[in-house]
Amino acid sequence: MNMKFRKGVMTTLAALLVALPISACSQSSKEPSSDPAGPTGLSMMYSDSSAYPFNKEWALFKQLQTKGNVQIDVQAVPSPDYKNKLKIVLSSGTIPDLVTEVTQEIVLEFAQNGVLLPLSDYMDKLPNLEKKIKEYEIEDELDNWRTKDGKLYVAPVMNEAALYNTAPVIRMDLLKKYDLSVPETMDDLYNVLKVLKEKDPSSFPMANLVRAETIRNLSGAAWGIDPSYNGFVYDEQQQSYTYLYTSDNYRQYVTFLNKLVSEKLADPELFTSSLDSWKQKLVTGKSVFTYTWISELAQLNADGKKNVSPDFDLAPIPPIAGPGGKLAASTQRIPHGIVLPASAANKPYFEELLAFVNYLYSDEGNTIVTWGEENDSFTVVDGKKQFTDKITGATSIQRALWDSGASNQNYTMLYTYDWFTKVLDNPLVTSLTEEARANNWFPPIVKVPKLTSDEKEEENMLLTTLKDSYAKAHDGFVFGRLGNDADWENYVKDMENKGVKKLIELYNNSMK
């Protein structure tokens, strides 16, 4: 079947599939309107989290619509189903005016098909966005969202600054008790874990949040194997992409994990533990070291003090240096964004739609969706915003904001550094972030290849096979089923033959 014809058939089918379900999720039956006498009606596809389900009665959401002069018809889709539903909707030809929480991969895929609006063609209508891109100095990362012709098809969610909010964390009370130094290198870490295992033979000192990629993402920069684009990075000196997961650094990484597992210094459920199980291991003292979010520590420590000892102190430490250097986890300052359909350009309310997107990047609009309502959730003291007791007195600042409709991933486009530090409410995040900036702990941005739709389709087929082979070999090396020189050589050859060579060629051609 001809590729273009096949895509046409799939688009038609997708349109039939999505027509009823998406409208069934709508909070309103009103059609978009550009009535000059009232607010402009806009439709929004919305990723609905069970942690803070959408509530059209949120005072904050009503204020946002009033100030933005819009009435938003929210089409809420449960978050677990959102990615699949998103692809169907974007293939349907019937796309809401605003589609939220769209990741880079999906933006680049659908930008090629002509269904998304190139916002870069309308930057004169989006001066607030243009201003914030310059102010945040984020163009290098934003370039990864542009297509090969340099066009931008997404209104990006942007963090003003990288935060040191994921870190190696260890039981400081035990280090003090046994007169141990904070580990600075991976060898130090091994030696510390070995002593802690000797002191408590029933323990498995190191635990991991969930899945194999989690520990790789959080510690991989120190090993020189992350951040990457599906395991690939662009080598500026060689002017070529290379595959990190067959490198000598990667071999050292899996060898290190194997040593921890085989000596029972690491949890045997290192890649299969659930989040609840991981928490339980830490707060009962079964595990004493992990990589996690610093913002998680308050609750972990509260539970640990109840279950283990009043001295229980799980604290973050600077990055542990490895072959890749002393580097923190990669920090993505653009996690996702909002896309508009190409058809929006022909709608009578197109100017109003762009004006609302522009408003989301304004200081006033951003204040509403992050801080909430003045004198209710925040006040201004000496020119600086502070959360009120209503927010700071809650069990969780983030929880209190979510319950009010603030800090919502669907329509919050800017996260300022000042706001983030006040929400996290942990001086360690601030001090370690400042140390990270001063010492260049944050790894560089990874260059994403710019592929055509046909190249993207070829890439997807190659990656499906490659990722499966990688996952099986990764488990084999870590848990000791593979390990000798012959196993490694066979693995490298297998990965090259199953897609590495072809993908490097594909990615290199995309740079020409």
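A search of the whole predicted model finds 23 salt bridges. Side chains of opposite charge can pair when their charged atoms come close. In the pair formed by E57 and K62, the closest N and O atoms are 2.7 Å apart. E57 counts as partly exposed, at 47% relative accessibility, and K62 is likewise partly exposed, at 39%.

A salt bridge also links K125 to E351, with 3.3 Å between the closest N and O atoms. K125 is located in the loop between α4 (104-111) and α5 (127-136), whereas E351 belongs to helix α13 (residues 350-360), so this pair ties together parts that are 226 residues apart in sequence. Both partners fall in the partly exposed class: K125 has a relative accessibility of 33%, and E351 has a relative accessible area of 45%.

For the salt bridge between K390 and D376, the closest N and O atoms are 3.0 Å apart. Here the separation in sequence is 14 residues, because K390 lies in helix α15 (residues 389-392) and D376 in the loop between α14 (363-370) and β12 (378-381). K390 counts as exposed at 52% relative accessibility, while D376, with a relative accessible area of 31%, is partly exposed. Elsewhere, K132, E135 and D363 are joined into one network by salt bridges that share partners.

D48, in strand β1, is an acidic residue without such a partner. D48 is buried yet has no salt bridge, and the nearest side chain of opposite charge, that of R399, is 10 Å away. That distance is beyond the 4 Å limit applied to salt bridges. The D48 side chain instead reaches the backbone nitrogen of F54 at 2.7 Å. Apart from neighbours within four places in sequence, D48 is in contact with P53, F54, A76, V77, P78 and S79.

S49 is found in the loop between β1 (40-48) and α2 (59-68). With 15% relative accessibility, S49 counts as buried. Its side chain reaches the backbone nitrogen of A51 at 3.1 Å. When residues up to four places away in sequence are not counted, S49 touches S79 and Q409. S79 is thus a contact of S49 and also of D48.

In soluble globular proteins, nonpolar side chains tend to be buried together. The largest nonpolar core of the model has 86 residues, and those with the most contacts inside this core are F232, Y250, Y491 and Y507. Helix α20 (residues 485-510) supplies the largest share, 9 residues. Y507 touches Y229, N230, F232, Y241, P449, L451, E459 and L463, with residues up to four places away in sequence not counted. A second, separate core comprises 73 residues, including F54, L64, A111 and L414.

L64 is one of the buried residues of α2, together with L60, F61, Q65 and G68. Viewed down the axis of α2, the buried residues fall within an arc of 140 degrees, so they line one face of the helix. A59 and T66, on the other side of α2, are exposed. The cover over the buried residues of α2 includes β2 (70-78), α13, α14 and α16 (397-404). Just after α2, N69 takes a positive phi of about 55 degrees.

In α16, the buried residues are I397, A400 and L401. These residues cover an arc of only 95 degrees around the axis, which puts them on the same side of α16. Among the elements that cover them are α14, β13 (384-387), α15 and α17 (417-424). Helix α14 therefore appears in the cover of α2 as well as in that of α16. At the start of α16, a side-chain oxygen of S396 reaches to within 3.4 Å of the backbone nitrogen of Q398. G405, just after α16, takes a positive phi of about 95 degrees.

Conventions
Residues numbered from 1 in each chain as written. Predicted model: local features only at pLDDT ≥ 70, side-chain atom pairs only at ≥ 80, totals over all residues. Heavy atoms only, no water. Buried < 20%, exposed > 50% of the residue type's maximum accessible area, 1.4 Å probe, protein only. Helix = DSSP H or I, 4+ residues; strand = E, 2+ residues; numbered from the N terminus. Core = buried A, V, L, I, M, F, W, Y, C linked by side-chain atoms within 4.5 Å. Contact = heavy atoms within 4.5 Å. Polar contact = N/O pair within 3.5 Å; in protein donor to acceptor, adjacent residues only side chain to side chain. Arc of directions from axis to C-beta. Lys, Arg positive; Asp, Glu negative; His and termini not counted.
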